[in-house]
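Biologist: Please pick one part of this model and look at it closely. Then tell me how the rest is arranged around it.

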Amino acid sequence: MYSPARNWGPGFIAKLIIMALIDAIGVYGIYSAWTVKAMPIVIVMILLVLVANVVYFARRFVPAKYILPGLIFLFIFQIFVMLYTAYVAFTNYGYGHMIDKDRAIAQMQEYNSQLDPNGPSYQLTMLAKGSDIYFGIVDDGVAKVGTDAVALEPLKGAKVADNKITEAPGYTVLGMGDVASRQKEVTSLRVPVSDDPSDGALGTSNATSAEVYRPVLLYDEAADTLTDTESGTVYTDNSRGNFRAADGSKPPNDVGWRTSVGVANFARLFTDASVAKPFAEVLAWTIAFAFLSVATTFLLGLALALVFNSPRLRGQKFYRVLLILPYAFPGFMSALLWRAMLNTQFGVVNQTLLGGADIMWLQDPWLAKLSVLFVNLWLGYPYMFLVCTGALQAIPSDMMESAKVDGASPWRQFRSITLPLLFIAVAPLLISSFAFNFNNFNLIFMLTGGGPTHGTDPTRPGGTDILISMVYRVAGVDDGNPDYGLATALSIIIFILVGAIAAFSFRQTRKLEEMA
Amino acid sequence: MTTMTSTPPAKAARSGDLNRPPRSKWWREIGWRHIVGIIAIVYAVFPLIFAANIALTPGAGISNTADLFAKVGMGNFEYLFTDPSSFFVRWIVNTLVVGGVTSIGTVLMGAAASYAFSRFRFRGRRFTLSALLVIQMFPQMLAFVAIFLLLTALGEVFPALGMNSLVALICVYLGGALGANTYLMYGFFNTVPKEIDEAAKIDGATHAQIFWTIILRLVAPVLAVAGLLSFISSFSEYIIAKLVLTEAPNYTLAVALYSFVADPMNPHWGWFAAGALIAAIPVLVLFLFLQRYIVSGLTSGAVKG
């Protein structure tokens, strides 16, 4: 193909090399996604490789050449995960509902199976392929092989003697020693007879003969019901990801599955007493915390900025550098540091500064809230100090001069000139600081862990939990009892709230700018 | 709380008064500012002195941190660097790699996008710009459940992109690259006069040459700010790092330092403080060094973690 006047300069060669690498990685990705049958990844990868080649080799699409790399990361790791979060919020995904329905039924049938006394018994050969153990049997003269994930299948080329497999191509026959060393694995293995779980599965207790274990629970696909063959109870799909009997009782060894539950998670946040009350408390504290954090840091920062804005003050630079140290120190470390300092028994605040006091700074719900605000003041005032100093220095001096000439008192000058001008400059920053503190996970997590908590229930929010640390708690990352559906529903609500704040802020900023 | 004393508004200095004012007047106008300054410095610096105190107290758990500089030794630092069970050097390397690659990637991708938004007019430009504004309001950490599921699925295809991988963590951080500081950079790009590009174009420069050799040099200050802010934010990020990195040798410093004191029964405050000081000093120096640029970035709306 003729390509018009390519300039084979170093830039073009660099582009060729980078694109070759990207294409190689892309082709490798498509291939390996294909082998694990991850079709969505295959499709996305093909699209990405095509788009990248078109964008970078066509002469058109010049802006796209610059935006594409960032856009791809943005799409996968930000937009996609946002949408996925929104999707999970409408499901019951979480503890007890981690897998899909077919696997849940298969698991329940496996957990509730019973040796069939009238069923056949087979001579068993233990086989191995890789690290997996297989059962080999002879059924009506046909050699069959299978394992827990692969139902019994006829195997061609196997040698059979006395209704027992002696050699199987592609598999190694395990001797008694091998079997003995993997005894537990062998006796717990269940090999499905066919793809239909209700046909039962083969199991063994002695590694020499296999018997059929039939599920006690039978699944009726047409009626979508599970029937207990012993008691006769019929369990139906309750459309909440579980099978339940008419009286609401659970099947034995109950396993749930992931399913859409509509707005149930959101409804729980507002109506279910065990969730709604803590949610309302946390929401109120989050707003109070964010507001008070901004207010206190701004007031202290402004006061200090005014104090040090005097041109005749010596050592201004010295003061400024030391004053912004708390801000230059990484925030999460400071929060942890304050946790040590505020320790009731051993902390330096109680022991040294207050002479052996016994104040429960982080254990009492109200004192903990106060501590959080105090530590955030320490962390946040330097930012406001910097910003206010900048804004003060930007106020035109001739304005102050003319006010002075007109005989305005210093207080009057401050109230009528300094403050309004300062406010126009910092208002958007105050709002973005509010939004930042609204989601200030690190401070809360590192300082109090959201605590003090209420006794035993780790999922119930503690005294200083803000919305985002409540999401972390409900998602159960640390205690292994996750409720992803509820956690993501909370995330969505945070998103809406922060979005509303931002929308409000844009309108306010525009108003202020128009006023100025 | 001494620092909460409300201070009267600054009195404007009388510019005409060149003679040294009498002592009482000096106190009224200047002297009290030094008092406030000293109190404020004590407030600002005491916790950092306390950190140095724990770091220098050998074997500091929780019980022996309150006596300031009672017993000084380098035991905690020795543990971090020499003990075979300590991965401290690796954690520093991990953090530098994650922070470095993330900030370089963020700066390059953000600068390229800002260049396109600032210099080209194309379909979907306004939409993309306003969409970025909306998207950047969604903190990535809110989606940590979905990130976990995505990485588990990706790990089956690209093992390097699965759980417990620094590359995966970097990719997740880069996902926030366009949202984070594009606006900051975009504003700065707009201040570079278009005549410069046009002159270069007339001289026969391609759009790539203009970008790499002219524009990037002119916007260097904003690149430094965006890079540093990105480095600090990945340096301080905890949730996603904790979620992705499951094994101790792969931790970043935020996860590792927290793990020192996570156990309330047996916290190792000494190790934590020693590690924190070592880790914080470069950030601190960079911050003070680039202060002027950072402040200009902050006043345009960037937020540091």
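Modeller: One term comes up at once: two residues are in contact if their C-beta atoms, placed from the backbone, lie within 7 Å. Keep in mind that this is a predicted model. It scores ipTM 0.83 and pTM 0.82.

I start with Ile240(B). Leave out the residues up to four places away in sequence. Ile240(B) then touches Gln140(B), Met141(B), Phe144(B), Ile147(B), Leu169(B) and Val172(B). Ile240(B) also belongs to the largest nonpolar core, which has 175 residues. Val471(A), Leu169(B) and Ile240(B) have the most contacts inside this core. Those names come from both chains A and B. Helix H8 of chain A, residues 273–307, gives the most to the core, with 15 residues. Another core lies apart from this one and has 26 residues. Leu127(A), Tyr134(A), Ile137(A) and Ala158(A) are among them.

Now for the close look: strand S12 of chain A, residues 209–215. Is S12(A) enclosed or open? Five of its seven residues are buried, so S12(A) is largely enclosed by the rest of the structure.

What pairs with S12(A)? Take the partners in turn. Strand S1 of chain A, residues 113–115, runs antiparallel to S12(A), and three bridges join them. Here Leu115(A) has Tyr213(A) as its bridge partner. Strand S2 of chain A, residues 121–123, pairs with S12(A) too, again antiparallel and over three bridges. Here Ser121(A) is matched with Glu211(A). Strand S11 of chain A, residues 201–203, is also an antiparallel partner of S12(A), with three bridges. Ala201(A) stands opposite Tyr213(A). So Tyr213(A) has a bridge partner in Leu115(A) and faces Ala201(A) as well. S11(A) and S12(A) form a hairpin, with five residues between them. Ala207(A) sits in that turn and has a positive phi of about 70 degrees.

Go now to Ser209(A), which is in S12(A). Is Ser209(A) buried or partly exposed? Ser209(A) has 14 C-beta neighbours inside 10 Å, so it counts as partly exposed. A buried residue would need 20 or more. Beyond its neighbours within four places in sequence, Ser209(A) contacts Ser121(A), Tyr122(A), Gln123(A), Leu124(A) and Thr204(A). Leu283(A) is 74 residues from Ser209(A) along the chain, and 62 Å separate their C-alpha atoms.

Step back to the whole of chain A. Its domain assignment gives domain 1 (10–88), domain 2 (113–215) and domain 3 (270–515). The centres of domain 1 and domain 2 of chain A are 45 Å apart, taken over C-alpha atoms.

Asp140(A) deserves a stop. Asp140(A) lies in the loop between strand S4 (132–139) and strand S5 (142–146) of chain A. Its phi is positive, about 55 degrees, although Asp140(A) is not a glycine. Asp140(A) is exposed, because only 7 other C-beta atoms lie within 10 Å.

Chain B has a similar case. Asn164(B) is in the loop between helix H5 (144–157) and helix H6 (166–175) of chain B. Its phi is near 65 degrees, positive in a residue other than glycine. Asn164(B) has 14 other C-beta atoms within 10 Å, so it is partly exposed.

What is chain B built from? Chain B has 14 helices and zero strands. Of its 305 residues, 42% count as buried. Take the contacts in chain B with a separation of 6 or more. Residues 24 or more positions apart account for 71% of them.

How do the chains meet? 93 residues of chain A are in contact with 85 residues of chain B. On the chain A side, helix H3 (residues 62–88) gives the most, with 18 residues. That side divides into 69 nonpolar, 22 polar and two charged residues.

Last, a word on confidence. The mean pLDDT of chain B is 82, and 87% of its residues reach 70 or more. Over residues 1–17 of chain B, the pLDDT is below 50. In the model this stretch still has 27 contacts beyond near neighbours in sequence. Where pLDDT is low, the predicted coordinates should not be read in detail.

Notes. Residues are numbered from 1 along each chain as its sequence is written. Chains are lettered from A and ligands numbered from 1 in the order in which they are written. This is a predicted model: local features need pLDDT of at least 70, side-chain atom pairs count only at pLDDT 80 or more; totals for chains, interfaces and linings use all residues. Helices (H or I, at least four residues) and strands (E, at least two) are DSSP runs, numbered from the N terminus. Ala, Val, Leu, Ile, Met, Phe, Trp, Tyr, Cys and Pro count as nonpolar, Asp, Glu, Lys and Arg as charged, and the others, Gly among them, as polar. Domain bounds come from an automatic or database domain assignment. A residue is buried if 20 or more other C-beta atoms lie within 10 Å of its own, exposed if 12 or fewer, and partly exposed in between; C-beta atoms are placed from the backbone. pLDDT is the predictor's confidence in each residue, from 0 to 100. Two strands pair if DSSP finds at least two bridges between them. A nonpolar core is a set of buried Ala, Val, Leu, Ile, Met, Phe, Trp, Tyr and Cys residues joined through C-beta atoms within 7 Å.
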